[in-house]
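Work through the exercises below with the sequence and the model side by side. Try each task before reading its solution.

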Amino acid sequence: MADYKPESMVAAIRQSPPIDVTTPYDAAWVKDKVILITGGASGFGAGFVRLWAKNGATVIVGDINVKMGDTLVRDVRNEAGHNRVHFVHCDVTDWQSQVNLFKEAVKLSPHGGLDTVVANAGIAGIDVLPEGKNLDAAEPPPPNFKIMDVNLTGVLYTTHLAYFYLPKNPGSKVCSIDSKPSTTSPRDRHLLLLGSVASLAPIAIQPQYNAAKHAVLGLFRSLRSTSSLQGIRVNCLLPYFIDTPIVPTFGRLLLAGGAMGRVEDVVAAGTRFVSDSRILGRSLVIGPKVHVRQKDNGEWDLVTPGSPGSIETAVFEPYADDWEDVDAWDRNIVKILNLVQAGRGWTGWAHDIVKAVFYGLGFGR
């Protein structure tokens, strides 16, 4: 069964060619696009907002943190030199709250539609799943699965609404690998999902986060095979960022903290997806900036700077959307991340854990 590939399934899975991450793109291509982003008040969500607004996009930020959202919008309006940046309070775990966000975003849109929806909202934290407290009570209280609610249910709500509003975007055309991108219109029908390296490999002591991010990748792989029916293009970012708690496991560093990506690299990868309407059904992993060389079998080796045939990059295409390649690719990227951490040692790992703890407490967002 492992080699069974129904012809109908192969034909249905239609995505653009692999991304050459060394090819430059122009962030100015987002000019005049209307972008709705959830969880955009902090982290790389805020980084997206700043860059896209700076390059002329209208951005509607939905976030549960009113103080941070209002502050971000005021700052970005000053930086961008225009007022087409808006904040709308939204709790992504509340269906009606997301409905209100989308309705308000359409009202705020200069042309009455949405070009891109970014399902960015996500959280991590202490996971109660393995604890099993008070379960011997006569009526045990339900557990708090907030991490799952935000990272999966919230994403499903956003996706459900995006699939309603994107095809209604005035002036937009059906997205297809057979169509050519418009050079005169910013109109689009684009859904960008935010997964994580936790979508690809285990993250210790974070079962909810891990399960939710695996589910987001599964959602992406399913949607990209059918999105052409709605004329929507779907892409997925898989960043290895500081909101992913990491611990050593039995003396082996599994996806260790020193391999974390940088905000600017995550923002750049997301902007490539948003700005270039030729990209359909692809995903990108963002990790540390490293020097690598690709072998004949497609795997990457970590090499010293200046090695023949090497490139410096923080962005890799995982082929997670090609089921026959995913396992081999996962093993290769985890090996590279572990090699990076091994070179940094326990001191580097401890430094990243401290950063992760402070980030979880709200510092540095």
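The exercises deal with an enclosed cavity and with salt bridges in this predicted model.

**Exercise 1. The cavity**

Task: State how many cavities of 30 Å³ or more the whole structure holds, and give the volume of the largest cavity.

Solution. Step one is the search of the whole structure, which finds one cavity of 30 Å³ or more. Step two is the volume, which is about 50 Å³ for the largest cavity.

**Exercise 2. The lining**

Task: Find which residues line the largest cavity, which element gives the largest share, and how the lining residues divide by chemical type.

Solution. Start with the residues: the lining consists of V197, Y240, V285, G287, P288, V290, F316, I333, I336 and L337. Two or more of the lining residues come from each of β9 (283-294) and α8 (326-360). Next, compare the shares: β9 gives the largest one, with four residues. Last, sort by type: nine lining residues are nonpolar, one is polar and none is charged. Glycine counts as polar, so G287 in the lining is the polar one.

**Exercise 3. A bridge between two helices**

Task: Determine which residue R50 pairs with in a salt bridge, and what parts of the chain the pair ties together.

Solution. The partner of R50 is E79, and their closest N and O atoms are 2.5 Å apart. Now place both residues: R50 belongs to helix α2 (residues 43-54) and E79 to helix α3 (residues 66-80), so the salt bridge ties together parts 29 residues apart in sequence. As for exposure, R50 has a relative accessible area of 31% and is partly exposed. This pair belongs to a structure in which the search finds 10 salt bridges.

**Exercise 4. Buried or partly exposed?**

Task: Classify R262 and D265, then K295 and D301, by their relative accessibility.

Solution. Take the first pair, R262 and D265, which form a salt bridge with closest N and O atoms 3.2 Å apart. R262 has a relative accessible area of 38%, so R262 is partly exposed. D265 stands at 10% and counts as buried, because buried means under 20%.

The second pair, K295 and D301, meets through its side chains in a salt bridge of 3.9 Å from N to O. Here K295 is partly exposed at 32%, and D301 is partly exposed at 26%. A further step is to follow shared partners: salt bridges join R262, E264, D265 and K289 into one network.

Definitions and conventions
Residues are numbered from 1 along each chain as its sequence is written. This is a predicted model: local features need pLDDT of at least 70, side-chain atom pairs count only at pLDDT 80 or more; totals for chains, interfaces and linings use all residues. Side-chain values use heavy atoms; hydrogens and water are left out. On a 1 Å grid over the protein atoms alone, a cavity is a set of points where a 1.4 Å probe fits but cannot get out, and a pocket is an open set with protein on both sides within 12 Å along at least five of seven lines; lining residues have an atom within 4 Å of a point. Grid points are joined across faces, edges and corners, and a volume is the space filled by probe spheres set on the points. A salt bridge is a side-chain nitrogen of Lys or Arg within 4 Å of a carboxyl oxygen of Asp or Glu. Buried means under 20% relative accessible area, exposed over 50%, partly exposed in between (1.4 Å probe, protein chains only).
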